[in-house]
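Please open the model in your viewer and keep the selection tool at hand, as this tour moves from one place to the next and says at each stop what to select.

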Amino acid sequence: MKVDVLLGLQWGDEGKGKIVDVLTPKYDVIARFQGGPNAGHSLEFGEIKHVLHTIPSGIFHDDQVNIIGNGVVIDPIIFKTEIDEIKKLGVDLHEKLLISKKAHLILPTHRMLDAASEAAKGTTKIGSTLKGIGPTYMDKTGRNGLRVGDIIEPGFRKKFEFLKAKHKDILDQYDFDYTIDQYEEEWWKGIEVLKSYKLVESEYVLNSFLSENKSILAEGAQGTMLDIDFGSYPYVTSSNTICAGACTGLGIAPGKIGEVFGIFKAYCTRVGSGPFPTELSDKTGETLREQGREYGATTGRPRRCGWLDLTALKYSIMINGVTQLIMTKADVLSGFEKIKVCTSYKTSEGTLDMMPFTINETLEPIYTELPAWSEDISEISDKKDLPKELLDYIRFIEDSVKIRIKIVSVGPKRKATIYF
Ligand code: GDP
Ligand code: IMO
Ligand code: MG
């Protein structure tokens with residue numbers, strides 16, 4: 001068996017949580033490979049609406065093992081809150097959740113460093129979720145970080161105090177007021193909760209599952225345009241959100257990757273700062289935001305909205321080696337007079353169908369207009385009942401990017417999923 005990977009092709013919030021939950025019954029194992037509580041993955045089924053941050057989106061099914069991989073960064077405070085919320089729904093994760101000992105820990109001071117760094121940047125701020133993601137990955141690559149496995153080793157408190165003191169020295173260089181005492185108390189409670197779960201060498205666990213012919217789905221967070229190497233740097237997150245991130249974030253060899261599911265919205269959104277060529281700052285953008293309920297699942301911030309960008313999509317497909325596409329939020333486009341799709345950019349040097357090194361306001365999208373449809377499609381379950389205009393839109397995208405769209409999502413709930 002191989003490891004299938006599901007990841008976002010845009011700027012995050014493509015609907016990864018919903019689709020992982022929908023696909024989970026086909027798999028034995030669901031494994032998150034990067035990011036941390038900057039992610040907000042929403043799941044809706046029955047009467048339940050739930051947002052997950054660190055915990056994989058397969059946990060609401062009974063028979064699957066869920067793994068938090070070594071590429072993930074964990075804030076024990078947020079982890080404890082997530083566990084408490086899930087417990088309220090009658091789900092106990094002690095048996096079905098495994099956590100990599102090599103996953104890094106977000107300290108209270110990492111969050112302070114994130115906030116201090118953003119405040120100091122002023123108008124050039126990244127628009128971080130302020131969960132401490134950047135500083136934690138910096139400590140990981142700087143070889144200063146604390147890992148989940150450290151919490152059960154002797155001398156952990158000493159290591160914690162050492163890193164905290166280092167962070168305080170850095171914080172002193174900022175003009176930034178902070179208190180962490182209360183956070184710290186909560187953090188240590190979170191550490192106790194973490195200790196009560198199965199802390200494992202997840203790379204061995206995953207590779208043993210593979211040799212036993214078990215099927216694995218790797219769940220990404222954020223999106224390709226937020227990737228630390230290939231996203232719109234520096235307005236990105238601090239991990240590799242792309243397919244290669246599943247190899248490093250889980251300990252899976254490249255040759256063991258199977259299908260790569262690339263998920264995208266039928267339009268585009270972005271939350272936080274940074275370039276967004278097809279952004280609409282007009283009434284149409286507002287309509288997309290309202291119809292799509294485009295408010296951040298982690299921060300509640302309004303998401304910036306715009307038309308689908310095929311040049312960016314083709315770039316993401318190339319970087320990830322996408323084998324199947326999944327399009328979400330098709331229902332949100334119902335009722336628009338027409339739909340626009342960006343097929344290339346106009347620059348001072350001519351037409352460009354690639355992502356340039358510098359993406360700024362001089363990059364002007366060139367649009368193709370397609371007819372829209374007026375009917376509500378959110379109750380449709382068979383592709384033959386979809387409006388012709390939507391089928392034409394799907395075909396137009398497939399012809400442009402040369403990959404088939406295998407799933408179209410028409411609502412937030414599990415059942416609002418159409419297979420092609
Ligand atoms: P993720 O971070 O990729 O998991 O996506 P988020 O959960 O942050 O954001 C996606 C939002 O769209 C959530 O509120 C989902 O419930 C919702 N959603 C997912 N798929 C669809 C869809 O096909 N139609 C509509 N209207 N909403 C959807
Ligand atoms: P999911 O998994 C959308 C954005 C932030 C900011 C930038 C850096 O739900 O799709 P960070 O907190 O990582 O330092 O923020 O990345 N960002 C996301 N945007 N969805 C996410 O996750 C995001 N995680 C981070 O808004 O612009
Ligand atoms: Mg999200």
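Which residues line the largest cavity? Before selecting anything, bear in mind that this is a predicted model. To answer the question, select Leu9, Gln10, Trp11, Met225, Cys268, Asp309, Ala312 and Leu313, which together line the largest cavity. The space that they enclose has a volume of about 40 Å³, and the structure holds one cavity of 30 Å³ or more. If you colour this lining by class, you should find six nonpolar residues, one polar residue and one charged residue.

**Second stop: the second largest pocket**

Leave the cavity and turn to the second largest pocket, in which about 660 Å³ of space lies. Its lining is made up of 30 residues, and to find the middle of the pocket you can select Ser42, Glu44, Arg293, Lys329 and Pro412, the ones closest to its centre. Next, show the elements α1, β3 and β4 (48-52), each of which gives two or more residues to the lining of this pocket. Among the elements, β3 gives the most to that lining, with four residues. Coloured by class, the lining of the second largest pocket divides into seven nonpolar, 12 polar and 11 charged residues.

**Third stop: ligand 1**

Keep the view where it is and display ligand 1, since the second largest pocket is where ligand 1 sits. Two elements, α1 (16-23) and β3 (41-45), give two or more residues to the shell around ligand 1. That shell has 19 residues in total, and the closest of them, which are worth selecting as a group, are Gly15, Lys16, Ser42, Asp331 and Ser409. By class, the shell around ligand 1 consists of four nonpolar, seven polar and eight charged residues.

Now look at individual atoms. Select Ser409 and find the polar atom of its side chain that lies 2.5 Å from an oxygen atom of ligand 1. Then select Arg303, where an N or O atom in the side chain is 3.2 Å from an oxygen atom of ligand 1. For a contact that involves the backbone instead, select Glu14, which has a backbone N or O atom 3.1 Å from an oxygen atom of ligand 1. How much of ligand 1 does the protein cover? On its own, ligand 1 has 590 Å² of accessible area, and the protein covers 92% of that.

**Fourth stop: ligand 2**

Display ligand 2 and select the residues around it, of which there are 20, the closest being Asp13, Lys16, His41, Thr129 and Thr237. Lys16, which you selected at the previous stop among the closest residues to ligand 1, is thus also listed among the closest to ligand 2. The shell around ligand 2 has seven nonpolar, 10 polar and three charged residues.

Begin the closer view with Thr237, whose side chain has an N or O atom 2.6 Å from an oxygen atom of ligand 2. Move on to Val271, which has a polar backbone atom 2.9 Å from an oxygen atom of ligand 2, and then to Gly127, where a backbone N or O atom lies 3.3 Å from an oxygen atom of ligand 2. Of the 550 Å² of accessible area that ligand 2 has on its own, the protein covers 97%.

**Last stop: the backbone in three loops**

Hide the ligands and show the backbone. Select Tyr233 and Pro234, which are joined by a cis peptide bond with an omega of about 5°; Pro234 belongs to the loop between β10 (216-219) and α8 (243-250).

Where is Asn213 found? Look in the loop between α7 (202-211) and β10, where Asn213 has a positive phi of about 70° although it is not a glycine.

Finally, return to Lys329, one of the residues closest to the centre of the second largest pocket. Lys329 lies in the loop between β15 (324-328) and β16 (338-347), and its phi is near 60°, a positive value in a residue other than glycine.

Key:
Residues are numbered from 1 along each chain as its sequence is written. Chains are lettered from A and ligands numbered from 1 in the order in which they are written. This is a predicted model: local features need pLDDT of at least 70, side-chain atom pairs count only at pLDDT 80 or more; totals for chains, interfaces and linings use all residues. Side-chain values use heavy atoms; hydrogens and water are left out. A residue is near a molecule or strand if one of its heavy atoms lies within 4 Å of it. A polar contact is a pair of N or O atoms within 3.5 Å; within protein, one must be able to donate a hydrogen and the other to accept it, and residues adjacent in sequence count only if both atoms are side-chain atoms. Accessible areas come from the Shrake-Rupley method with a 1.4 Å probe; for residues, only the protein chains shown count as cover. On a 1 Å grid over the protein atoms alone, a cavity is a set of points where a 1.4 Å probe fits but cannot get out, and a pocket is an open set with protein on both sides within 12 Å along at least five of seven lines; lining residues have an atom within 4 Å of a point. A molecule sits in a cavity or pocket if more than half of its atoms lie within 2 Å of its grid points. Ala, Val, Leu, Ile, Met, Phe, Trp, Tyr, Cys and Pro count as nonpolar, Asp, Glu, Lys and Arg as charged, and the others, Gly among them, as polar. Grid points are joined across faces, edges and corners, and a volume is the space filled by probe spheres set on the points.
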